[in-house]
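Colleague: I would like to go through this structure with you. May I ask questions as they come to mind?

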Amino acid sequence: MTNDILVFAEQRNDKLHPAALQIVTPAKELAARTGGKVVACLIGGALNAAVEAIDKTGVGAIVTVSAPALANYSALRYRTALAAVIGKVQPRVVLLPATFMGRDLGPRVAAKVGAALATDVVALSINAEGTLDITRPVYNGKASCHVGFPKDRPAVASVRPNTFPAATGGGGATREALAYTPAPGDDRIDVKEVAKAGGEVKDVTEADIIVSGGRALKSEENFKIVYELAKELDAAVGASRAACDAGYQPHSRQVGLTGKTVTPRLYIACGISGAIQHLAGMRGSKVIVAINSDKEAPIFKLADYGIVGDLFKVLPAMTAEVRRLKG
Amino acid sequence: MKVLVVVRQVPDSTTNIKIQAGGQDIERAGVKMVVNPFDEFAIEQAVQLKEKRKDVASVTALIVGPATAAEALRIALAVGADDGIHLQDEAFDRLDELQTAALIATVVRGGGYDLILIGKQEIDLDSGQLGPALAELLDIPHVGTTVKLEFAADGKSFVARRRIEGAEEVVQVSLPALVTADKGLCEMRYPSLPNLMKAKKKPVKVFKAADVAGFAAAVANLGGVKMHAFQPPPERPPGKMIPGEPEPAAKELARLLREEAKVI
Ligand SMILES: Cc1cc2nc3c(=O)[nH]c(=O)nc-3n(C[C@H](O)[C@H](O)[C@H](O)COP(=O)(O)OP(=O)(O)OC[C@H]3O[C@@H](n4cnc5c(N)ncnc54)[C@H](O)[C@@H]3O)c2cc1C
Ligand SMILES: Nc1ncnc2c1ncn2[C@@H]1O[C@H](COP(=O)(O)O)[C@@H](O)[C@H]1O
């Protein structure tokens with residue numbers, strides 16, 4: 001193993017996932033401790049804009065694996081490509097974003113190269129023995145714990161999006177292109193199509209701000225007022241399970257234990273009671289706002305700002321005020 | 001087609017988590033254990049396949065865990081699995097998720113399973129490593145966070161829809177393969193009391209570490225992370241309640257979010 005830190009810079013269609021820029025931040029801190037450099041790895045079809053974008057974060061080296069067969073994510077092809085990069089770089093630590101891709105690829109690659117792995121990490125450090133030590137939430141955010149890694153094998157960690165600021169400052173990283181050499185059977189997964197879900201509105205896992213609606217909205221039609229505020233804030237629309245099960249919103253928008261886990265800068269819960277399973281998906285949000293007619297609703301225990309009132313009156317007033325403030 | 005469902009037992013999602021003095025683990029005593037909700041979707045999918053397709057020969061449910069985990073296995077059997085495998089040994093309790101995948105791979109390799117179904121992650125440790133790692137160790141393809149599964153008529157491949165950010169990937173995969181279930185795949189039916197009784201009579205094989213040839217070697221070269229120093233989540237400072245009529249309150253909220261919290 002070298003002292004280098006490898007960062008899997010996730011991209012789709014030559015566009016970096018925002019979390020790819022964020023995970024360079026802890027990678028640089030780790031590299032400062034190990035005395036190695038940060039190496040970014042990009043895997044995909046045509047890679048140009050994504051490479052330039054990652055070079056602006058101050059990584060020391062960039063390794064690309066580009067091939068038409070890698071244009072879409074495939075667990076098999078990407079694990080072959082990433083394992084090849086790991087074989088070449090021999091990093092002490094590999095970081096991936098804890099996105100759908102990173103969480104899918106991390107365990108596969110770790111098993112392939114004989115590494116150890118922690119998922120959805122929120123803090124990282126190198127301990128006195130030179131190995132990785134991380135912190136991660138467990139039990140749906142009702143606790144957190146430290147995870148220590150064994151000394152003798154690479155450490156892989158997927159890092160929770162929006163935990164670190166995007167890295168900046170750099171340019172002129174060394175660049176190297178590795179060829180993709182398919183492993184036997186890599187073609188057993190064939191991506192037919194990537195179909196947009198939930199309309200043209202941003203997905204909850206991509207947004208900085210989320211406006212979420214619960215059972216109190218009472219119909220799909222009524223969700224219009226949630227969408228109006230979301231549009232004004234450039235936010236995504238989320239929903240509780242009760243709202244999704246009732247058919248007001250598709251399940252792709254469900255936030256919570258069996259929905260998506262989100263960590264936005266601002267989460268506005270409208271007519272959501274704050275059941276423990278809903279909190280499981282959003283308690284990592286930076287600022288939480290609750291609007292609920294019941295002053296005893298458990299969501300208020302978590303909220304930074306709360307309004308006890310009828311969301312059908314509060315939301316439109318808020319939309320108008322945000323519009324006015326933004327001028 | 002032989003189907004395997006991997007099931008885990010986790011604390012009920014409403015459990016009040018208390019941390020042991022010293023922080024080495026959470027308090028386990030008195031915690032209500034349930035089938036991992038994501039594994040429920042996998043169980044139901046397996047049973048529905050068996051009900052709908054003539055070419056599904058059997059559904060086997062597998063669990064790794066202490067004696068009490070037999071209860072989760074029994075639910076899978078009551079819902080419709082034909083038989084069970086219970087990997088039960090104190091040595092297994094110390095494995096991390098990658099090593100658990102290696103253990104399961106050692107047991108099921110050569111078992112002739114064409115389709116392995118498992119929840120996308122467990123709701124206690126939330127690591128979601130088991131499915132993809134197990135597929136890698138068995139050298140079969142996998143589809144993660146699957147919300148829809150449609151088999152080809154010949155039963156040799158399927159098209160899966162997998163959830164990603166704001167979109168769904170539509171992937172075709174040839175068998176044998178592993179699928180991790182997300183919400184939307186299907187809801188598990190409630191196991192009836194008579195079926196829970198009948199499940200007691202279904203065959204369950206129990207394996208100890210000594211029964212798993214190659215166990216030590218399989219777990220020696222990967223994983224091995226150690227969890228320690230459990231802590232409650234950081235306290236959030238008390239929130240600010242904004243009084244008054246809806247309209248002025250909404251205005252004040254917008255102002256606070258802009259000027260105080262600086263998030264909009
Ligand atoms: C295994 C399991 C997994 C689960 N996973 C999830 C999950 O992923 N996500 C999730 O959200 N839930 C999940 N749940 C369900 C969860 O327990 C709750 O049932 C659900 O979150 C409730 O949704 P809600 O808050 O919209 O509805 P309710 O609890 O019915 O709350 C509605 C709220 O709206 C308020 N209200 C009503 N009218 C108005 C109004 N006009 N103005 C303002 N406020 C109003 C009410 O006071 C109330 O607090 C799960 C449950 C289980 C058992
Ligand atoms: N108009 C309303 N104002 C305040 N709370 C409501 C209103 N309608 C329903 N609720 C609450 O919302 C939750 C779900 O309502 P329902 O879906 O109508 O059963 C319950 O907690 C109700 O008390």
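Colleague: Is Asn162(A) buried, partly exposed or exposed?

Modeller: Please keep in mind that this is a predicted model. Asn162(A) counts as partly exposed, because its relative accessibility is 36%, and partly exposed covers values between 20% and 50%.

Colleague: Where is Asn162(A) placed?

Modeller: Asn162(A) belongs to the loop between strand S11 (155-159) and strand S12 (174-178) of chain A. Its phi is near 65°, a positive value in a residue other than glycine. Most residues other than glycine have a negative phi.

Colleague: And Asn140(A), what is its phi?

Modeller: The phi of Asn140(A) is near 45°, again positive in a residue other than glycine. Asn140(A) sits in the loop between S9 and strand S10 (143-148) of chain A. Asn140(A) counts as buried because its relative accessibility is 7%, and the limit for buried is under 20%.

Colleague: What about Ala128(A), buried or exposed?

Modeller: Ala128(A) counts as exposed, because its relative accessibility is 79%. Ala128(A) is in the loop between strand S8 (123-126) and strand S9 (132-138) of chain A. Its C-alpha atom is 10.0 Å from that of Arg33(A), although their positions lie 95 residues apart along the chain.

Colleague: Turning to the sheet, in what order do the ten strands come?

Modeller: The order is S13(A)-S9(B)-S8(B)-S7(B)-S10(B)-S6(B)-S1(B)-S4(B)-S5(B)-S11(B), in an open sheet with mixed pairing. At the edges are strand S13 (189-196) of chain A and strand S11 (204-207) of chain B, each of which pairs on one side only. From one strand to the next, the twist averages 30°.

Colleague: How many bridges join S8 and S9 of chain B?

Modeller: Eight bridges join strand S8 (residues 157-164) to strand S9 (residues 167-174) of chain B, and the two run antiparallel. Within this pair, Ala160(B) has Val171(B) in S9(B) as its bridge partner.

Colleague: Which strands does helix H4 of chain B touch?

Modeller: Helix H4 (residues 97-108) of chain B packs on the sheet and touches strand S1 (2-7), strand S4 (58-64) and strand S5 (83-87) of chain B. The direction of the helix makes about 140° with that of S4(B).

Colleague: Which peptide bond is cis?

Modeller: A cis peptide bond joins Leu175(B) and Pro176(B), with omega about -5°. Pro176(B) lies in the loop between S9 and strand S10 (177-181) of chain B.

Colleague: Now the interior. Which residues touch the most other members of the largest nonpolar core?

Modeller: Leu82(A) and Phe158(B) do, in a core of 112 residues. Leaving aside residues up to four places away in sequence, Leu82(A) touches Leu6(A), Phe8(A), Cys41(A), Ile43(A), Leu96(A), Leu105(A) and Val109(A). There is also a second, separate core of 44 residues, which includes Ile62(A), Val147(A), Phe149(A) and Ile26(B).

Colleague: How much area do chain B and chain A bury between them?

Modeller: They bury about 7,300 Å², 56% of it on carbon and sulfur atoms. The contact takes 82 residues from chain B and 88 residues from chain A. On the chain B side, Glu136(B), Glu165(B) and Arg236(B) lose the most area to chain A, together 11% of what that side buries.

Colleague: One last topic: which domains does the assignment give for chain B?

Modeller: The domain assignment gives domain 1 (2-220) and domain 2 (234-264). The centres of domain 1 and domain 2 of chain B, taken over C-alpha atoms, are separated by 44 Å.

Key:
Residues numbered from 1 in each chain as written. Chains lettered and ligands numbered in written order. Predicted model: local features only at pLDDT ≥ 70, side-chain atom pairs only at ≥ 80, totals over all residues. Heavy atoms only, no water. Domains from an automatic or database assignment. Core = buried A, V, L, I, M, F, W, Y, C linked by side-chain atoms within 4.5 Å. Buried < 20%, exposed > 50% of the residue type's maximum accessible area, 1.4 Å probe, protein only. Contact = heavy atoms within 4.5 Å. Pairing = 2+ DSSP bridges. Helix = DSSP H or I, 4+ residues; strand = E, 2+ residues; numbered from the N terminus. Axes fitted to C-alpha atoms, helices over the stretch in contact; angles between N-to-C directions. Buried area = accessible area lost by both parts, 1.4 Å probe.
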